[in-house]
Structure formats: C-alpha cells, structure tokens
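Colleague: Before I rely on the terms used for this protein, I should like to hear the reasoning behind each of them. Please take me through them in turn.

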Amino acid sequence: MNTTLAPRNDAVCRRCGATGPPAARFCMACGVAITATQPAQARIRLVTVVFCDVERSTELAVRLGGELWNDVLEAYFTDVSQALHARGGRLEKFIGDAVVGVFGADGEHEDDAVRAVQAAGEALRRLAARAKALRRRGIELSVRFGIASGRVLTTTRSASFAVGPVTNRAARLQQFAPSGGVVLDLKTWLLARQAVHCRPLDPVEAKGFAQPLRCWLVEQGGDVQHGGPPVGRPVDQLVNQRRLMADLTTRLERAMREPGLSTLALEGDIGVGKTRILHQLGLALESRGQVLFVTCKHDGDRRGLWPLQQLDHELARLSGGQVGQVGPARDERAGRSAAHRSAEELRWTLRRRLARLSRRRPVVVIVDDCHKALDQLAQLCDGPDEPGGGSVVLLLSGRALPALPIPEADRLAVPLLAPAESRTLLESLSARLSLPGALPHADEIVLRSGGNPLFLEQLAALTASETGSETASETGSDRRDLIAPSAEAALGSRIDRLGPQAVRILGCAGAWGGQVALTDLLATCGMAEAEVDAALAQLAEGGLELTSAFVGEVAYTRLRLADRARVHAGIAEHLRRRALHHPGDIDSAALHAEHAHRAWHDLAPGAAEDRSAAARAAGCLCAAARLAISRADVSLGLELAGRARRLRIAGPALEAEIGAIETYALAACGRPAEALARIRRTRARVPARANLPAAANLRANELAILFTRGTWDAELLRQAHRLAELSGDAGTRARLLLLEALRAAQSGDYRAAEASLRVAESQARRAAYCFGESEIFGNLALCLAYGGTPVTQALAECADLRRRLAETPVRDAAVACPMAFLLAMRGHGRRAESLLAEAESVFAGTGHLIGKAGAYEFRGMVRELQDDLPGAAGWLDRAAALYREMGLAAAAERCRMKSALATGVAPKAPLRPGPRAPWDMRALAHQVAALRQHRLGHVEAAREHLAAALHEIEGVRGEGAVIIALRSCLRLSASIGPEADTTRIGAALTEAEKRKT
C-alpha cells in the first residue's frame, strides 16, 4: 500500500517563520505582510526520519486473509500516523506495511530528534492498548522502529523527498531492533542523548553501507525526560574552573623557571571553556614573561604549513621582526621568500625564534584549537632545544590530543559544569544578556547543556529570543569540522530564516574556514553591493555574527552543491590572483579549486561547469606544485602534479605543464632515467607551441639530466632559449642561465659563471615560481667566493643575499657556507667557524643532508686556510662519508682526495677522471697521483703529475677557486722539488691571494 499526502500551501512568514492558513495576508505571529500562498523553496535541512515496520508481516497476511489483515493494517497505520502528527511530524509515505515519518521537513525544530523518539514511544503505547483486543483474536502484532537523522534537500514536492542515506539508514536500523524496540543512529543519539535513556548496541553491518552503523537502543519504550531549547553563543565567565586555573598557573610558573622547552596540554570538548581559561592565564602571566596567544585554523586535507606560518608570524612580530607584506618591493620579496619555506625550515625557524626571545624573559606560547594542526605541532614539540635559549613553555589546547608527545602528568582536562554550577551561570547570564527574570525552560536548558557552558549560554540566548514559542525552528547538518550537533541544530534554525543572500555570504565565510577579512569575503561571495548590504542588515537584525566560525560553518552546510562550487571557485580565483604577490596563497587556491571541482563533478559530471572546474583545479595544483618545488619540497610537488594529472583534463597545454613539473621532480628525487623517458614521451606527444614555457622547461630538464651524466647538448640549449624567449618566461630563462653557469664553473670559468648567475638571479626575482631557484642563490654565492670578485665586495654581496633570504633558512645557510670561506680568506677564522656551525645546524634541523655535507666540506677548506691540516682532513672525511651515504660518489671522491692531500697519505685506489670531468676533479686526481708516486719513490713521475695539475689550475678564471688548489700544490712541491717550481707555485699563490683579498 503506497500513499502520499496532498501538497500543503500554508502561508509562511519570511521574517519569523510562523505558518498560517493559505488565505492569510498578514503573519498571525508578528503582523508582517506575507504572500497568501508561498510555495516552499528548495532548502537543505536536517531531518529526523522514523521508519516503522511490522514483524513477520507476510506470515500474518497469509494466515489472516485479505479482509482481516486489511483491518489490522488500517488500525496500525492510524495509530502510528496519529502518533507522528501528535508530535509535530509529517507522514511521508507508506511502503507496504512500513510507515515513514519525517521531523523537520516543513521547518526544523531543535528537538526534532527528541520528538521523533517521543512519537515512536507514543505509537508503541497506542499499539499496546490495542494488543489485548488483537490477542483475543489470536493476533500478535509487533513492530520495530529505526530512527536516523541527516541532511536532505527539501523541494516543492510534498513527499518522497527524504530519500537516500538517511531513510535507508533508518530502514536498516529497524531490522536490528528488538520487538517493540526503537533503535537510533549516531546523529539522532547525539541530538537526543540528553533527553532520552539509551544504551549502546554493537555496530551492525548494514546492506549498502561500507562501514558498520553505530546504534543505540531506546530504553523504557522510548520514554523521554526533557525536550530542550536551542543553542546560543559562548560564555566568558569562569564558574567551576578556579581549581584548574590555580593548577595551571602553578605548573606554568614552575615551567617558566626551568630552561629549555616545556609543554603542557589542556584538553576538553568544544564549548567547555578552554579559550576562556587560556585568555585568563595569558592576562595573569603577562607581567612575568612574554605571552603569545595563537588560535589554529583548519588546513583542510592538504599538507598545510600555514598553522606554523601563523605562529612564526606572531613570533616575528613579538620580536620586532618584519613579516609578510609590510611595505614596498623589498618587503614583498621577503614575503615571497617566507612562503617558500618547507615544514622543516618552519619548525627550525620557530625553535630558533623561541630560543632567542627567551633569552630576555621566559616565553609562554598559548596555542588554542591545536587539534587542527596536531601533526605539525607534535613534531615541533619533539624537536631539539636550541642552545643558549631560556625558558619556553608551550601550552597546547584542543579537544583530544593523543598525537602530542606529552606525558599524562602534564595533561589537564577542563571539567564540565555540575547542575548547581550551571544554574549559577544561567542566573548570571540572565542579568548580563537582559534575559527574563524567570527564564523559560531553565531546568531543560541546564539539562540539555550537559555541563557545557557554551551550550548553556547558546540555549539561554535562543530560548529568550523565542519567548512564546514552544520550540525554535532550526536546521542542522552532518558534522562539519568540530561543531556539536545541538549547536548545528540551533544555529541552523536561525540561519534557515535568512534570505538566500544572507545564507550565501555566511556560507562563503564558512568556506573560507573561519576568520576572513571582509574585503576578501566581499570579493568572493559573488553578490552585488546592494545584495551584500541587505544581507548584512539581515544578519545584524538576526543577531548573527559574520565573523563567527560556528555560524559560518553551519551556514556552509546549508549551501547546495552548485552554490558551494561557485563559492569555492570564487575563493580559488581570488587567491590565485593574490598569489602573484603572496605565493603562499596558491596552496589554499588549489584546495578551494579542488573543492569546487568535486562539487560540480558530483552535481553534473561531464558538464561544462565540471570541465571548467577541473581545468581550474589542475592549474592551481600545478602552480602549487611549482611553489613546492621552488621551496625544495620536491616530493610534495610530485604529489600535487599527480593530483592534477588524475583530473584527466584533455589538452596538450596542461599535459606539457604537468610533464615539466613531474620530470623535474623525478630527476631531483634520484630517478633521472624515468624522468628522461617521460620527457621524450611528452615532447613526442605535445607540440611546443601548445605551451611554450612548459616546452622550454622540458628541454631544460633534459639538458640538466644529460649534464649530470657528462653530456652537454648545445642544440637542446638553443631550442630551450628560443622557447623561453618566445614565451617570456623569466623562470625558465633563469634556469637555463643556471645550467650555463654550472657548465662554465665546471670548466673553471668562474667569472663567466658569476655573470650568468647574476642575470639568472635577476630573472628569478621576476618569476612567480622558478625551478632551481635555491641552486641559483647558492651557486651565485659560491662564484662570489671562487671567482675574481674581491673579498670585501663578495662579502658585502653575500650579506645582502642573506638579508633577502632571512625567511628561508636553507637558502640562507647555502649562502653562508661560501661567505665563511671568504671570511677565512680575510683571517676571520673564528667568525667563519661560527657561521658554518650555524649553517650546519640549519641543514641538520631541516633534514637537508646535501647541505650538511657541504657545510662539512667548507669547514675542511676553512681549516686548511688556517693551516690546520689534521682538522681539515677530519671534516673532509665526514663530508665524504655523508656524500657516500647519499649515493653521491663523485662528491665523496672529491672530499676523499682533498683529505688525502691534507694528511699526505695517498689512497690505495687512484682515480682516473675522464677529459669531460670538472677541472677540480682532474687537478685533484693529478695531485693525488703525484703524492702516490712520490710515496713510491718515483720522483719524476710525481713531478709530471704535479705539472699536469698546475696546467689544469692555470686554465681556471677565478682566483678564489685556485687558492686551495695552489696551497696543495705548494705542499707537494716542497716535498718533491725542485726548488724553482716551489718558488714559482708560491708566487702564483701569493698573486692569487693578493688579487682576491
């Protein structure tokens, strides 16, 4: 038997939500003029579905026969339908002998879930009253109820809208209910648990659901203790946390007296008052130390760095540093530089900033909502203490913090309010919020709050605003982020009364993820100025705050898929434009673009909007991948490019772009053969004109791989230059100049390399993202040290580079190593050692092993300039071991030969580099061979090799590069002779040092 109800055309007031008869011209509650018949608009609402079915119905139907069974069904349908209507529910439909009712379809109420359980209990009582009469006729009628809550789209249809997971879940759950039992799903239990006696059941495997369904059985036949009013706003008054405050204060003061990093955790559910406690603590501790308060925001599903960036920004401001966009070009470059930091660099920077700040006074960093950045904060807590720092205390607050490496003794929990404490707080709220003296439903508010002060005040405020109404009409949604279901329901009821423009602007704020600048919100909500003004006025009238994260997140759940897609697309476009000046914004742009694409793909797969959204997402992902690679997060760049590829956007331009990114990352990850094969396949499939910058980068990638294998393809370089010029891509031109500079340096022409790198550095500054940007800065500093630029000028230029790279520690450290070599040339050995130790600390703290090995190698060269040959050999051996561990055989051999020359002990296996090997490897090989032949007593052979080494050195254009090589030759000549050669080499060394210094 399948029936539906006729459409209902009640007049609905757009101001207060009250309903009246179809002929009403004015609202019977507030008097505002309304349209007599207002067809319901399609809305997303939280509904509670009641599904009731008869046990063994087929058996009964066969035994009783058609007429008698029809009489039984009519009585059963009547009892269940009347019970649903009596509690404000809507009879949705009959399916055979099953009855489906819905609460919240025509306008949500905060206690829809509670009333649904009441209706089930009432139906069971009505049926029990008929049981005696049925038993006298030999009929045992038993029914079961399944109740589920969830979000559905209500349409202008009067029935059959509540289909899908919610109805299916209710239907499945009733199958597992006992005779005469009522089973609730998770969402319904969360909404009704303060009012309904329930006990948990084992999760059930239900057909059509991938995961077992958690469920609860209503006890005592569905009896309900209380309904409950809606939820309001957070409180700012301490009630039961004085003991906790005293304990926390004592622990913090003790930690502030101890050197190093101490970590405490404050745990508690949303709304229990953690933020209030933290602010009180911050005020109490301000006179005893430096207090910093940071609230984390959600990063979505990306591998976000910006919670750390947010903390770093606040620390920099506390220490008087400049961060972000604070002025003209120089500060914009600093902001761009900061955006390129990896997670390891950020954590190292934070530990360093904290250590420096703590030297003056103890530092207390209070991080609220840290569950939104658990992984990053856990690694920050686990990091090593910085030497020379004072006391640093991290107080991390959030819901559940199991991932944090904090002992149980240092974890404190915020207690819930006792009933008496809740009443005390409610009385104070009545005065502060100008609520009625005797607040209606006060006992219900206390009970429904569950000891949660946030829910208590929300319930009080909404109940006061709804005086004269039995319940507040509201909606909710599936949990978004960490919103409690009752808060969702209450806020949803108020949002549901707003016009579409007000909901849209609130939903846009929710899509941004919390606090958002009004200018950004207005730029991305897709509304005209007049619509925005009207929406803001409506929000003010309804007492809803645009800046409230709760309100925004709940409003976001009210947006339909198309609206979500448009909002996310607008945010993505806005952030993509902003990323031209603030590159770090491209990460968020990619995330929002992916959200927009998912929404369109779910709504209209294959449609024009879906294809356009996919193209936007792919473009943002590629840009984010380029940024990740430019800040040395190569693995992340490869992952982002892979996500862009999986969108399957047809088009040669995008294929070339993804290919350029992936092949660079593959080569950087030590997979050059795979990268080379991919390059050649992409070049064969995609014509260069389809994407000129990508085509140039593909050729640059191929050229770089061939160069590392000892091959230089001049024709490939010419093609790449031509494509880069045609495209006007500054980043690719910089990359090609870098490769030319590396080749020039390999041949010994450091002056030409330095000139190319200066132009490359200028081009890289003009590019938004540049592959090899870190290499450009590091090699420019190296050429300043090895080339002919005088030491004083070279030091000044290195110092300027370091100032510009201060926000990216790895790049700064890469420049610091050659700068230390320059300082040692000037005789400032102690400063050079200190600078190298700092660089080594950076590389070690960020896991940059190549940089760490390079710092070891430079320490060896600095020791050699100080004539500490055993010390030089020790550092060079450490560098060789680390290079070997990473599989960099040539670099390891270079350090091994330098160490042999410092100790005077030739290695057993001589190296024979080919004619295309770098000049320094050829010179070193001859020097080591000379040392070996001298040890064997072959003096003439030793002199021949020494002469060959000097010949290689004489072709070098770069005084700084030959100084170490000539010093080794001078030591060898002093042992081998003749004296005339020794004098000549000494004169050449003196001339090189004179010209360099």
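Colleague: Among contacts in the protein chain between residues at least 6 apart in sequence, what percentage join residues at least 24 apart?

Modeller: The figure is 71%. Please bear in mind that this is a predicted model. The protein chain contains 40 helices and 14 strands, and 55% of its 997 residues count as buried.

Colleague: Why does glycine 570 count as partly exposed?

Modeller: Its relative accessibility is 21%. Buried means under 20% and exposed means over 50%, so glycine 570, at 21%, falls in the class in between and counts as partly exposed. Glycine 570 belongs to helix H20, residues 561-578. Its C-alpha atom is separated by 9.8 Å from that of leucine 521, which is 49 residues apart from it along the chain.

Colleague: What makes H22 and H24 roughly parallel to each other?

Modeller: The axes of helix H22 (residues 608-630) and helix H24 (residues 652-668) cross at roughly 25°. Angles under 35 degrees count as roughly parallel, and H22 and H24 are therefore placed in that class. Their axes come within 11 Å, and the crossing is left-handed. H22 contributes Ala618, Cys622, Ala625, Arg626 and Ile629 to the contact, while H24 contributes Leu654, Glu657, Ile658, Ile661, Tyr664 and Ala665.

Colleague: Why is H27 called roughly antiparallel to H28?

Modeller: Helix H27 (residues 714-727) packs against helix H28 (residues 730-747) at an angle of about 155°. The class of roughly antiparallel begins over 145 degrees, which means that H27 and H28 are roughly antiparallel. Their axes are 9 Å apart, and this crossing is left-handed. Leu717, Ala720, His721, Ala724 and Glu725 of H27 meet Thr732, Arg733, Leu736 and Glu740 of H28.

Colleague: What makes E11 and E14 edge strands of their sheet?

Modeller: The sheet is open, with 5 strands in the order E11-E12-E13-E10-E14 and parallel pairing. Strand E11 (290-295) and strand E14 (411-413) each have a single partner strand, so one side of each has no neighbour in the sheet. On average, neighbouring strands here are turned by 20° against each other, direction ignored.

Colleague: How do you know that E12 and E13 pair?

Modeller: Two strands pair if there are at least two bridges between them. Strand E12 (residues 363-368) and strand E13 (residues 391-398) are joined by 5 bridges and run parallel, so the criterion is met. Valine 364 has valine 393 in E13 as its bridge partner. Helix H6 (residues 242-256) lies across strand E10 (260-267), E12, E13 and E14, and runs at about 150° to E13.

Colleague: Which are the edge strands in the sheet of 7 strands, and on what grounds?

Modeller: That open sheet has the order E4-E5-E3-E6-E7-E9-E8, with mixed pairing. Strand E4 (90-95) and strand E8 (198-204) are its edge strands, as each pairs on one side only. Strand E3 (residues 43-54) and strand E6 (residues 143-154) run antiparallel and are joined by 12 bridges, with phenylalanine 145 in E6 as the bridge partner of cysteine 52. Helix H4 (residues 165-175) lies across E3, E6, E7, E8 and E9, running at about 170° to E6.

Colleague: What makes E9 a partner of both E7 and E8?

Modeller: The threshold for pairing is at least two bridges. E7 and E9 share 3 bridges, and E8 and E9 share 5, so both pairs satisfy the definition. The pairing is antiparallel for E7 and E9 and also for E8 and E9. In E9, leucine 217 is the bridge partner of valine 183, and leucine 213 stands opposite valine 204. E9 is mostly covered, with 5 of its 6 residues buried.

Colleague: Which residues touch the most other members of the largest nonpolar core?

Modeller: They are Tyr750, Tyr786, Phe821, Leu822, Ile953 and Leu966, in a core of 79 residues. Helix H32 (residues 809-825) supplies the largest share, 12 residues. A second, separate core has 57 residues, including Val554, Ala593, Ala618 and Tyr769.

Technical notes: Residues are numbered from 1 along each chain as its sequence is written. This is a predicted model: local features need pLDDT of at least 70, side-chain atom pairs count only at pLDDT 80 or more; totals for chains, interfaces and linings use all residues. Side-chain values use heavy atoms; hydrogens and water are left out. A nonpolar core is a set of buried Ala, Val, Leu, Ile, Met, Phe, Trp, Tyr and Cys residues joined through side-chain atoms within 4.5 Å. Buried means under 20% relative accessible area, exposed over 50%, partly exposed in between (1.4 Å probe, protein chains only). Helices (H or I, at least four residues) and strands (E, at least two) are DSSP runs, numbered from the N terminus. Axes are lines fitted to C-alpha atoms, for helices over the stretch in contact, and angles run from 0 to 180 degrees between N-to-C directions. Contact means heavy atoms within 4.5 Å. Angles under 35 degrees count as roughly parallel, over 145 as roughly antiparallel, 65 to 115 as roughly perpendicular and the rest as oblique. A crossing is left-handed if the near helix is turned anticlockwise from the far one by less than a right angle, and right-handed if clockwise.
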